[in-house]
Amino acid sequence: MAGRAPRGRITLDDVAARAGVSKGTVSKTLNGRSDVAEDTRRRVQEAVAALGYRPSTEPPAPTRSGSLAAVLDNLESPYISHVLQGVLAAADAAGTDLLVRVAPERPARETPDVARAWVRDQVAAGVVGVVGLTLGGAHALLAAAAEADLPFVMVDPVGVRDDSVVSIGATNWEGGRTATAHLLGLGHRRIAWVGGPAASAASRERFHGYAAALDQAGVEVDRSLVHEVPFTVDAGYRCGLELLAAAQPPTGVVCGDDEIAVGVLAAARERGVPVPARLSVVGFDDTPQATWTTPQLTTVHQPLTGMGRMAVETVLALAAGTQPASRQVQLVTTLVERGSTGPAGG
């Protein structure tokens, strides 16, 4: 053995065998460690020279069994950042690397060729599952992922009406109902709805909860008070100005999320409408923004980090071949009362 060089690629094991030492000793010698005897160091160096050993320049083999990709449209949303915290925590707890991806721009991602190319890129990068965060226009991506047998779980899907899609959300209907019932209990009857876009399944469910609470109280839905806008502060502000300029403005507003509610509060401040004395406002999500406003925002709390965690647990189970007990999972919402709501005419 001592006189013949091994065939093929020379490894640390080959050097160790030739020098009559352990693989660990070879590694310590090559790394210049001082705790190697001089005679041993000489034998290792001679073995390296005789065999023509060269350290590998290849990256170390990954220690984790595949990665997850979180794909989203909006990196600035407080809602997204909190869901992403849960995604990160759950991926780390599972020993899985997480890649954060910005989705291909619309309408390109809605074409099958772009969607398939995107999915191929994820698979090539070692991705074993995808979590989509309130991702609109995802039909082609979902179809391409299904073709590639790549598990895909959506959090609060937008524009996806296919019941076969695995999704994680909250009890949006109950949250909308509870928010509206809270205002009704304070004596409000002229209650506006400023929700998110119609394509958002979560926003639709919240609106239906709003309408159900009004119906239960014997209050007819006034369509002039129903608005569907983007989930942004600016949209809430513009809609708030419009509502407050009406001949009969509402005394209460239920908003589709906290960002819309912050915009409505800004509009009320600009119009000189005191909150909650003349206008009560309820948000949805319970992001940190809810405690930064003056007064602080009454809102519906949904477990955003919990939704992120559940999405990761679900997509990893799918990657392991386990089907979820339910393809649409909803976590519980609760109302958090703060200073932005009060008695009607108070």
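**Group meeting talk: a buried serine and the elements around it**

I would like to begin with one side chain, that of S340, which reaches the backbone oxygen of V281 at 2.6 Å. Please keep in mind throughout that what we are looking at is a predicted model, and that the distances I quote are computed from it.

The side chain of S340 has another polar partner as well, since it reaches the backbone nitrogen of T298 at 2.8 Å. As for where this serine sits, S340 lies in the segment after strand 12, which covers 334–336. Is S340 buried or exposed? Buried means under 20% relative accessible area, and because S340 has a relative accessibility of 0%, it counts as buried. Leaving aside residues up to four places away in sequence, S340 touches V275, P276, L279, S280, V281, P295, Q296, L297 and T298.

That leads to the strands in this part of the chain. Strand 9, residues 280–285, and strand 10, residues 298–301, run parallel and are joined by four bridges, and within that pairing F284 has V300 of strand 10 as its bridge partner. Strand 10 also pairs with strand 12, this time in the antiparallel sense and over three bridges, with T299 facing V336 of strand 12 as its bridge partner.

Let me turn next to helix 12, residues 304–319, whose 16 residues reach 23 Å from the first C-alpha to the last, close to the 22 Å expected at 1.5 Å a residue. Which residues of helix 12 are buried? They are L304, M307, G308, A311, V312, T314, V315 and L318. Seen down the axis of helix 12, these buried residues fall within an arc of 165°, and therefore they line one face of the helix. The spacing is easier to follow if one recalls that an α-helix has 3.6 residues a turn, so residues three or four places apart point the same way. After helix 12 comes G321, which has a positive phi, near 90°.

Helices 9 and 10 can be taken together. Helix 9, residues 233–244, has 12 residues that should span 16 Å at 1.5 Å a residue, and its end C-alpha atoms are indeed 16 Å apart. Its buried residues are A235, G236, C239, G240, L241, L243 and L244, and what they pack against is strand 6 (191–195), strand 7 (226–228) and helix 10 (258–271).

For helix 10, the 14 residues should span 20 Å at 1.5 Å a residue, which agrees with the 20 Å between its end C-alpha atoms. This helix is mostly covered, with 10 of its 14 residues buried, among them I260, V262, V264 and L265, and also the charged pair D258 and E259. At the N-terminal end, helix 10 is capped by D257, a side-chain oxygen of which lies 3.3 Å from the backbone nitrogen of E259. Following helix 10 is G272, whose phi is positive, near 75°.

Finally, I would like to go back to an earlier stretch of the chain. Strand 1, residues 67–72, runs parallel to strand 2, residues 97–102, and six bridges join them, with A70 standing opposite V100 in strand 2. Between what elements does the chain make a right-handed β-α-β unit? The unit is made by strand 1, helix 4, which covers residues 78–93, and strand 2.

How values were computed. Residues are numbered from 1 along each chain as its sequence is written. This is a predicted model: local features need pLDDT of at least 70, side-chain atom pairs count only at pLDDT 80 or more; totals for chains, interfaces and linings use all residues. Side-chain values use heavy atoms; hydrogens and water are left out. Two strands pair if DSSP finds at least two bridges between them. Helices (H or I, at least four residues) and strands (E, at least two) are DSSP runs, numbered from the N terminus. A crossover is right-handed if, with the strands pointing away from the viewer, the path from the first strand over the helix to the second runs clockwise. The expected span of a helix is 1.5 Å times one less than its number of residues. Buried means under 20% relative accessible area, exposed over 50%, partly exposed in between (1.4 Å probe, protein chains only). The arc is that of the directions from the helix axis to the C-beta atoms. A polar contact is a pair of N or O atoms within 3.5 Å; within protein, one must be able to donate a hydrogen and the other to accept it, and residues adjacent in sequence count only if both atoms are side-chain atoms. Contact means heavy atoms within 4.5 Å.
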